[in-house]
Amino acid sequence: MSAVYLIGGLVVYFLSAMPVEVRAETNRGRDIAVESARRDAGWGDESVTLIMQLQDRRGQLRERDLRLLLLEKPGDEGDKTLTIFDAPPDMQGTIFLSHAEVGADDALWLYLPALKRVKRISSANKTGAFFGSEFAYEDIAAPEVGKFTYSYDGEEPCGDSQCYRVARFPAYPHSGYSKLLTWYDQTTYRPRQIDYYDHDQAVMKRLNLRDYKLHHDKFWRPHQLVMENHKTGKTTILTYRDYVFGQGLSDRDFNPNTLKSIR
C-alpha cells in the first residue's frame with residue numbers, strides 16, 4: 001500500500017517536482033509507515049472487547065462496554081471494522097460499521113436499535129465525535145497507508161525507546177485534521193503517540209498507545225489508548241482485553257445489510 005495508489009500520476013508528478021531533499025523526507029516518512037504496516041500484516045481477522053471511559057475536565061467518568069471486530073483486506077483494499085455497544089442499556093445493540101477506502105471517503109454506517117434502521121453516515125459528518133468520546137468517526141476507520149501522504153520529521157526518545165517522527169497528511173476529502181504527527185518505535189515500528197493538528201496547525205488532540213503485548217509471536221497490540229483533547233480538557237480511555245485472532249470472519253460479517261441481525 002502506498003500513496004501512489006491514492007491519486008496515481010498526481011503523486012508521481014508531485015514527487016518529481018520536489019527538491020531532492022524534500023523527496024527524501026517524503027520517501028523516508030512513507031517508508032516508515034509502510035514498514036509498520038508490513039510488520040503487522042497477516043492477522044486475517046480479530047476481535048477484542050473493550051471498556052470506553054469518558055472523562056470530563058473535572059475527572060468524572062462514564063463507562064461503555066464494546067466489542068470490536070476487524071477484517072484484514074489485501075493490497076490497497078481497505079480493512080473493515082465493526083463496533084458493537086453492549087452497555088449501558090440505552091446504547092446496547094448500537095453498531096458502527098466502517099469500510100476503509102483508499103482514494104475516496106471511507107464508507108460508514110450506523111445501526112440504531114431504537115429506530116431499527118441502518119443509516120449511512122455522510123462523509124461530511126465523519127469529523128464528529130464518536131458517541132460523545134474524544135475520538136472522531138474518522139479515527140475509528142483503519143488508517144491505511146494509502147490514505148495519507150508523508151514527511152519524515154526526525155527522531156527523539158519516547159518513553160524507554162527511540163522513535164521516528166512521521167507527519168501524515170490526510171489525502172482523503174473532509175478530514176478534520178491538517179496532519180497527524182506519529183511517533184514510531186524504531187525497534188518494532190509500533191505507533192506510540194499521535195498528535196492531531198487542526199486546520200489552524202495547532203495540536204487539538206494527543207493519543208497515547210500504551211501497554212503493548214505481543215500476540216502469536218508477531219502481532220503487537222496496545223491494551224490501552226488514551227486520547228486527550230487539548231481544546232475541551234476531556235479524555236477518552238480505551239482499555240482492551242481478550243484479543244482473539246483467526247475466527248474465520250468474512251465480508252458477510254461486515255455487510256451493512258446484516259447489521260440488524262447482529263447480537
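**A walk through the rings and the core**

Hello everyone, let's start with the aromatic side chains: Phe-85, Phe-96, Phe-130, Phe-131 and Tyr-137 are linked into a cluster by ring pairs. Please keep in mind that we are looking at a predicted model. Its average pLDDT over the chain is 89, and 90% of the residues score at least 70.

There is one stretch to treat with care. Over residues 1–22, pLDDT stays under 50. Where pLDDT is low, the predicted coordinates should not be read in detail. The model does have 31 contacts for residues 1–22 beyond four places in sequence, but I will leave that stretch aside today.

Back to the rings. How many aromatic pairs does the structure hold? The count is 15. Take Phe-131 and Tyr-137 from the cluster: their ring centres are 6.3 Å apart and their planes meet at 55°, so this pair is tilted. Are these two residues buried or exposed? Phe-131 has a relative accessible area of 15%, so we call it buried, the cut-off being under 20%. Tyr-137 is buried as well, at 12%.

Now compare another pair, Phe-148 with Tyr-172. This one is edge-to-face, with 6.0 Å from centre to centre and 80° between the planes. Where do the two partners lie? Phe-148 is in strand E7, which covers residues 148–158, while Tyr-172 is in the loop between strand E8 (161–170) and strand E9 (179–185). The pair therefore ties together parts that are 24 residues apart in sequence. Phe-148 is buried, with a relative accessible area of 3%, and Tyr-172 is buried too, at 10%.

Phe-148 has another partner worth showing you. The charged end of Arg-168 sits over the Phe-148 ring, 4.7 Å from the ring centre. You can find a similar arrangement at Tyr-196, where the charged end of Lys-205 sits over the ring at 5.1 Å from its centre.

Let's move on to the core. The largest nonpolar core has 45 residues, and those touching the most other members are Phe-96, Phe-130, Phe-131, Tyr-137, Tyr-196, Leu-207 and Tyr-240. So several names from our ring cluster come back here, including Phe-96, Phe-131 and Tyr-137. There is also a second, separate core of 12 residues, with Leu-82, Ile-84, Ala-107 and Tyr-111 among them.

What does Phe-96 touch, once we set aside residues up to four places away in sequence? Its contacts include Thr-81, Leu-82, Thr-83, Trp-109, Ile-121, Phe-130 and Ile-140.

Ile-121 deserves a moment of its own. It lies in the loop between strand E6 (117–120) and helix H4 (137–140), and it is buried, with a relative accessible area of 10%. Leaving out residues up to four places away in sequence, Ile-121 touches Phe-96, Leu-108, Trp-109, Leu-110 and Tyr-137. From Ile-121 to Ser-98 is 23 residues in sequence, and 9.7 Å in space from C-alpha to C-alpha.

One last stop: the cysteines. How many disulfides are there? The count comes to one. Cys-158 and Cys-163 form it, with their sulfur atoms 1.9 Å apart. The torsion about their S-S bond is about 70°, so the disulfide is right-handed. Both cysteines, Cys-158 and Cys-163, are buried.

Thanks for listening, and please do turn the model around while you look for these residues!

Notes:
Residues are numbered from 1 along each chain as its sequence is written. Side-chain values use heavy atoms; hydrogens and water are left out. A nonpolar core is a set of buried Ala, Val, Leu, Ile, Met, Phe, Trp, Tyr and Cys residues joined through side-chain atoms within 4.5 Å. Buried means under 20% relative accessible area, exposed over 50%, partly exposed in between (1.4 Å probe, protein chains only). Contact means heavy atoms within 4.5 Å. pLDDT is the predictor's confidence in each residue, from 0 to 100. Rings of Phe, Tyr and Trp (its six-membered ring) pair if their centres lie within 6.5 Å; planes under 30 degrees apart count as stacked, over 60 as edge-to-face and the rest as tilted. Helices (H or I, at least four residues) and strands (E, at least two) are DSSP runs, numbered from the N terminus. A charge sits over a ring if NZ of Lys or CZ of Arg is within 6 Å of the ring centre and within 35 degrees of the ring normal. A disulfide is a pair of cysteine sulfur atoms within 2.5 Å.
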